[in-house]
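Here is a short tour for anyone who likes to look at strands and rings side by side. Have the viewer open and follow along.

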Amino acid sequence: MEKLELIKIKNWVFDPLKKTLTTKDSDNNQIVETLEAKHADLLHCLISHQDEIITRDQLIELVWKSRFVDDRTINATISRLRKILGGSKDEFIKTHPKLGYSFQASIEYIDRPIPEKIKQSQKEKSKFKLYKTLIVIGVMCFSTLIWFTLTGFEKEPTILTKNEVNIEPLTYEEGWEFEPSLSFDGKYLAYVGKTNNAEIYKIKIKNLERNETITLPLDSEARSPIWSSVTNSLFYAKENNGGCVIQRVNIVEHFVFSPPEDITSCGMEYDFPSISIDNNENWLYFTYKELNISSIIKRINLDSGTIEPLTVPLQYGGDYQAKLNKDNTQLAFIRTYDNYQSYIFLIDLDTLQVEQLTNATQDPSYLTWGETSQALIFVDISNNSLNSINIKTLAVTPLFQHHEQIETPIQVDNNQFILGIGDSYKSNVVKATTIENSNILKTSKYIHSTFKDHEIQISNDPMNEKTYFVSNRSGGYQIWQKSNSVYKQLTNFHDKFAEIIELILSPDQTKLLFKLNEKLHVFNLQLETIHEISHPTNLIGNAAWSCDSDATLLITGKKGGEWGLYNYSLETKDYFLEAKDIVSIKSVCDKYSYALVKANTFGIFLQERLLEDDSSSHVFPSLNLSENLIWDVSDKYLLAFHDSKFHRVNLVDLKATEFIVNGYIVNNPRLIGNSIYFNGLEVNNTYIGRFAIPKVR
């Protein structure tokens, strides 16, 4: 069936080209219903497969061209078509529960009428067709030649860097400063500040005219300040007994605020909430997070108090960074999946249709809208770049790149931006030891420099001890070796933004397993060669060396929605499923045993053999330790970092002890000998800066 044909559906005539449905009323007056593009495409798709059941997956492929849409979008489109066509529910479009939809009504194809004038002129036009084509080709060739001559094959402009723009600092205090929001009159800058690891996030307000700053007097942590675009009302999300509440304050006069007013709950879990408000201060959009459920996006009518969910919970991941465009018609947000990949999505607030804008080549983290509703601005954290995406063509244009982290941008006019600048943390490898009769650990910096040092593995040869770690001291992140006082760079990855984590030495100390940008690699320390591991799953949890062979890896991964433990041979490159429902694994080959985390189960299981469940001990049964970077095991102890405490169990008598560490944010603890090593993160100095890009493309 071609779209050139008209289609008669009972008393309707469907024109797929014009996207219209035409009928006549009881007085013989013509009624024309103009359909939105997706409604017309869906109707045409169902008609093309009349009396066939079309699944939701087929509709996504044929109508939405395999872009992500949720069930609500399909339901809304079907409902709208049924409402226009009229009749009973299944008279035109029938629902087949758990299967899909089919088009039930009888149809008749009608030739599209050709106007008389067009018929008369067709013969005359046809004889000029060849000449016209030749003339057009000639003009195009001549124009192309002139263009190349004048432009000299001009290349695309390169992305701007720090050295090519003038960045004006707007804040200057110690610690973090980010999440800027400018009041509608440009007088006040609200932002979030945090001085050190122990301090909570606070909302600060700066009068840009007087260069004066105050801290909003709140009794708990607060984030996501945003000004109304029509008044001096400031909205923000505040922690409330572990949950989240959105509040509003008003500036009565210079730095005098009204008492905080509760607007709505943003969930039972305080999880990086974001807020957006329409231009009329009628609707407020926000992220909402319940315990153990992924975050979603809701909106509340500030007049009536009506709350409406706009997205639904995912099994894993969640929706973040809800940002409303300036004409209040579209809401952009970031959706993160359990493979750690993030994508930008767009909700049409009239139809509630959800559309995916970016693909896996970008890693978006922060969003804002440009001056027009065609341009969406985002930060790609994989390369610290600011980018613009055209929501119609999906073309991505790089705008600016910094050598340090950039975040939470806002565009204040056609070419001016305000955003947070600077790496959030300083990082060193810290060694912690116990103090007799004390639950506070004694700490010292083990690997440290003016650069970022993290991850650690130490060989077990006391005569020739070698330490392996990751550092950006040579520019980008690389793997380094320290032997006595001699430092040696082992790798030379060209990607200066590469992420290298989870170093694990093989039992024979000849190979080093690690993750590079979420992909497993093995570094042969003798041959100095690197081998990338091919794996059958899209999502890799972690990996451990097998105690049976130094040429075998045990890798956890998720395939078809199910976690499993895979056995991988470095020699043959073959793999097979060793065990189901394993999320994380670590090996203790000195004791020839394994520590396992199982799917949907708290705690850690200790087993002498992988498939012998009856030999296992269940430790930390009340702790959720599915993230492998918060626990470790040695031949003596099992260690977990949870609720800002170290929990350690002696594997001989199963005696449990708790320790605290001061001054650091703890990441990836390791048990080596009788000591604990971890990535010690400290709050770094960042600032909020303003700069202009000559032309936002």
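## Strand pairing and aromatic contacts

Let us start with one facing pair: Ile 347 stands opposite Val 354 in β26. Please keep in mind that this is a predicted model.

The strand β26 covers residues 354–356 and runs antiparallel to β25, with 3 bridges joining the two. Between β25 and β26 there are 5 residues, and the two strands form a hairpin. In the turn of this hairpin, Leu 352 has a positive phi of about 60°.

β25 also has a partner in β24 (residues 330–336), and these two pair in the antiparallel sense over 7 bridges. Within that pairing, Phe 333 has Phe 345 of β25 as its bridge partner. Is β25 mostly covered or mostly open? It is mostly covered, as 6 of the 7 residues in β25 (342–348) are buried. In a regular strand, side chains alternate between the two faces of the sheet.

Now to the rings. The model holds 15 aromatic pairs. Among them is Phe 178 with Tyr 201: the ring centres are 6.0 Å apart and the planes stand at 80°, so this pair is edge-to-face. Phe 178 belongs to strand β10 (residues 176–182), whereas Tyr 201 sits in the loop between β11 and β12, so the contact ties together parts that are 23 residues apart in sequence. Phe 178 counts as buried because its relative accessibility is 6%, under the 20% cut-off. Tyr 201 is buried too, with a relative accessible area of 14%.

A further aromatic pair, Tyr 188 with Phe 255, is tilted, at 6.0 Å centre to centre and 45° between the planes. Tyr 188 lies in strand β11 and Phe 255 in the loop between β16 and β17, so this pair ties together parts that are 67 residues apart in sequence. Tyr 188 is buried at 3% relative accessible area, and Phe 255 is buried at 13%.

Which residues join Phe 178 and Tyr 201 in one aromatic cluster? They are Trp 176 and Tyr 425.

Charged side chains over rings are listed here.

| Charged residue | Ring | Distance to ring centre |
|---|---|---|
| Lys 10 | Phe 92 | 5.4 Å |
| Arg 473 | Trp 480 | 5.7 Å |

In the case of Arg 473, the charged end sits over the ring of Trp 480, while Lys 10 lies over the face of Phe 92.

How values were computed:
Residues are numbered from 1 along each chain as its sequence is written. This is a predicted model: local features need pLDDT of at least 70, side-chain atom pairs count only at pLDDT 80 or more; totals for chains, interfaces and linings use all residues. Side-chain values use heavy atoms; hydrogens and water are left out. Buried means under 20% relative accessible area, exposed over 50%, partly exposed in between (1.4 Å probe, protein chains only). Helices (H or I, at least four residues) and strands (E, at least two) are DSSP runs, numbered from the N terminus. Two strands pair if DSSP finds at least two bridges between them. Rings of Phe, Tyr and Trp (its six-membered ring) pair if their centres lie within 6.5 Å; planes under 30 degrees apart count as stacked, over 60 as edge-to-face and the rest as tilted. A charge sits over a ring if NZ of Lys or CZ of Arg is within 6 Å of the ring centre and within 35 degrees of the ring normal.
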